[in-house]
Amino acid sequence: MNWLFSMHGRIGRRDWWLGQIVYGVLLAYTMPFVATREVSQFGGMLEKNDIATSVVTLIVFVVCLWANLATSVKRYHDRGKSGLWVAILFVPTIGIIWHVIECGVLPGTAVENAYGPARGKPRSDTDEDRREAVLQAELAALKAQIKEEEKQAALANARYASDVKRILAADQA
């Protein structure tokens, strides 16, 4: 179910097409109920069954819309693109054609990208390994900074000692 509702990760063309078929079947099944409800509105008051049917239809529609959005976002991720490319659907005609070509025809990237590993391949390193590497790099930078500050402090102490010796020598003379 994660592949249906999560916006994270990647999916391939087959899973995207499977999702489109499932959404199409569900919507094709529920849309006649919407048409029946619309007709009953012209005839007078809605009956309890019409209200229940309308609520169920609305829930199915919202779930299908979210799942469709999620699978499309993940499909764009598989292509190495931001999920915001889903907004291309708002461009009349061309947007729908572009969306079907991008998500349903063109293959995804064959290597790991910013959105996850290539399908069927393990991630090259885990998030924990990345955090460890970042911490090690930060520790090395801090150690280098401390060494530089110690060096600067030693130079300042040497200058101070030299100045004190010069002043004492001048006072004795």
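Where is the place of Glu112? In this predicted model, Glu112 sits in the loop between helix H4 (94-105) and helix H5 (127-172). Its relative accessibility is 28%, so Glu112 counts as partly exposed. Glu112 is 34 residues from Asp78 in sequence, while the C-alpha to C-alpha separation of the two in space is 9.2 Å.

**Overall fold**

The chain contains five helices and zero strands. Along the sequence this reads as the pattern α-α-α-α-α. Of its 173 residues, 21% count as buried.

**Largest pocket**

The largest pocket encloses about 150 Å³ of space. Its lining consists of Trp16, Gln20, Leu65, Asn68, Leu69, Ser72, Val86, Leu89 and His99. Two elements, helix H2 (13-42) and helix H3 (48-78), each give two or more residues to this lining. The largest share, four residues, is supplied by H3. By character, the lining divides into five nonpolar residues, four polar residues and no charged residues.

**Nonpolar surface patch**

A nonpolar patch on the surface is formed by Phe5, Ile51, Val55, Ile59, Val63, Trp66 and Leu69, which together have about 590 Å² of accessible area. Helix H3 provides the largest share of the patch, six residues. Phe5 belongs to helix H1 (residues 2-5). Phe5 has 32% relative accessibility and therefore counts as partly exposed. Leu69 is named both in the patch and in the lining of the largest pocket.

**Salt bridges**

A search of the whole structure finds six salt bridges. The table lists some of them.

| Side-chain pair | N to O distance |
|---|---|
| Asp15 and Arg14 | 3.3 Å |
| Glu102 and Arg79 | 2.9 Å |
| Lys81 and Glu102 | 2.8 Å |

The partners Asp15 and Arg14 meet in a salt bridge, yet they fall into separate classes of accessibility. Asp15, at 18% relative accessibility, counts as buried, whereas Arg14, at 64%, counts as exposed.

Glu102 forms a salt bridge with Arg79. Because Glu102 lies in helix H4 and Arg79 in the loop between H3 and H4, this pair ties together parts that are 23 residues apart in sequence. Glu102 has 5% relative accessibility and so counts as buried. Lys81 also meets Glu102 in a salt bridge. Lys81 lies in the loop between H3 and H4, so its pairing with Glu102 of helix H4 ties together parts that are 21 residues apart in sequence. Elsewhere, Arg10, Arg75 and Asp78 are joined into one network by salt bridges that share partners.

How values were computed. Residues numbered from 1 in each chain as written. Predicted model: local features only at pLDDT ≥ 70, side-chain atom pairs only at ≥ 80, totals over all residues. Heavy atoms only, no water. 1 Å grid on protein atoms, 1.4 Å probe; cavity = no way out; pocket = protein on both sides within 12 Å on 5 of 7 lines; lining within 4 Å. Points joined across faces, edges and corners; volume = space filled by probe spheres on them. Nonpolar A, V, L, I, M, F, W, Y, C, P; charged D, E, K, R; others polar. Patch = residues over 30% accessible without salt bridge, like charges linked within 9 Å, V, L, I, M, F, W, Y side chains within 5 Å. Areas by Shrake-Rupley, 256 points an atom, 1.4 Å probe, with all protein chains shown as cover. Salt bridge = Lys/Arg side-chain N within 4 Å of Asp/Glu carboxyl O. Buried < 20%, exposed > 50% of the residue type's maximum accessible area, 1.4 Å probe, protein only.
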